[in-house]
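Here are a few notes to help you find your way around this one. Have a look at the sequence and the model, then read on.

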Amino acid sequence: MPTTMETDVNHEAVDKVKEMIKDIETAMLSTISEGGINSRPMQTQDIEFDGDLWFLTKKDTTKFREIMENPSVNIAYVGQSYVSIRGTAEIVDDLERKKELWKKGYEKFLDTTYEDPNIVLIKVRSETAEYWETGNKMKTVKAFFRKMAGKPPEDDEEINKTIHFNH
């Protein structure tokens, strides 16, 4: 059972990542295959980040097969900052959840409807997230000059950090 401190850290981590990725619609989802790492752009589903990320896909895709063989994935977001999330993917075939997340534009793009049995959800349970806060120019410049002067960054000017999610 997580301690109060672990729970606080987890909420802080979730809130930090949520804030950094909230306006970024497209992420790069990386999966592992026999030949190496494969990445492709994916539309993040528009739900509040709670440590899990959701994507739509079809069963007849390479990414589906790769996730079934090895559920370790990475999701990268680029906006005002950079966020790289490592996690474990699972395939979810839930008609109500698909209906809830479905947007009319998907029908044209995927050439089908959410009722199609070939459509499934990818749920990624976040394990760690590394981020680089490059959107705050003053913070970046201050950290750069401290580093050039051989001084460690102050707590509030750290621009690169890794956080762990406690599930």
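Which residues does F55 touch, leaving aside those up to four places away in sequence? Keep that in mind as you go through the points; the model is a predicted one.

1. Let's start with F55. Leaving out residues up to four places away in sequence, F55 touches A27, M42, Q43, T44, Q45, I75, Y77, V120, L121, I122 and V124. So that's a good place to put your cursor, because F55 is among the residues with the most contacts inside the largest nonpolar core, and a core of this kind is a set of buried residues joined through side-chain atoms within 4.5 Å.

2. Now the core itself. The largest nonpolar core holds 25 residues, and V17, L53, F55, I75 and Y77 have the most contacts inside it. Two or more residues each come from α1 (4–21), β1 (26–33), β3 (52–58), β4 (72–78), β5 (82–92) and β6 (119–132). The largest share, five residues, is given by α1. As general background, nonpolar side chains in soluble globular proteins tend to be buried together.

3. There's another core to look for. This second one is separate and has ten residues, including V92, L101, Y106 and Y114.

4. For the overall layout, count five helices and seven strands. Going along the sequence, the order is α-β-β-β-α-β-β-α-α-β-α-β. Of the contacts with a separation of 6 or more, 67% are between residues 24 or more positions apart.

5. Next, the start of the strands. A hairpin of two residues links β1 to β2. These two strands, with β2 covering residues 36–43, pair in the antiparallel sense over eight bridges. If you want a spot to check the pairing, S30 stands opposite S39 in β2.

6. Is S72 buried, partly exposed or exposed? This serine sits in strand β4. S72 counts as partly exposed because its relative accessible area is 37%, and partly exposed lies between the 20% and 50% cut-offs. Not counting residues up to four places away in sequence, S72 touches S30, T31, I32 and G87. S72 and G87 are 15 residues apart along the chain, and their C-alpha atoms are separated by 6.0 Å.

7. Last, the surface. Buried residues make up 37% of the 167 residues in the protein. The protein exposes about 10,400 Å², with carbon and sulfur atoms supplying 52% of that area.

Terms used:
Residues are numbered from 1 along each chain as its sequence is written. This is a predicted model: local features need pLDDT of at least 70, side-chain atom pairs count only at pLDDT 80 or more; totals for chains, interfaces and linings use all residues. Side-chain values use heavy atoms; hydrogens and water are left out. Buried means under 20% relative accessible area, exposed over 50%, partly exposed in between (1.4 Å probe, protein chains only). Helices (H or I, at least four residues) and strands (E, at least two) are DSSP runs, numbered from the N terminus. Contact means heavy atoms within 4.5 Å. Two strands pair if DSSP finds at least two bridges between them. Accessible areas come from the Shrake-Rupley method with a 1.4 Å probe; for residues, only the protein chains shown count as cover.
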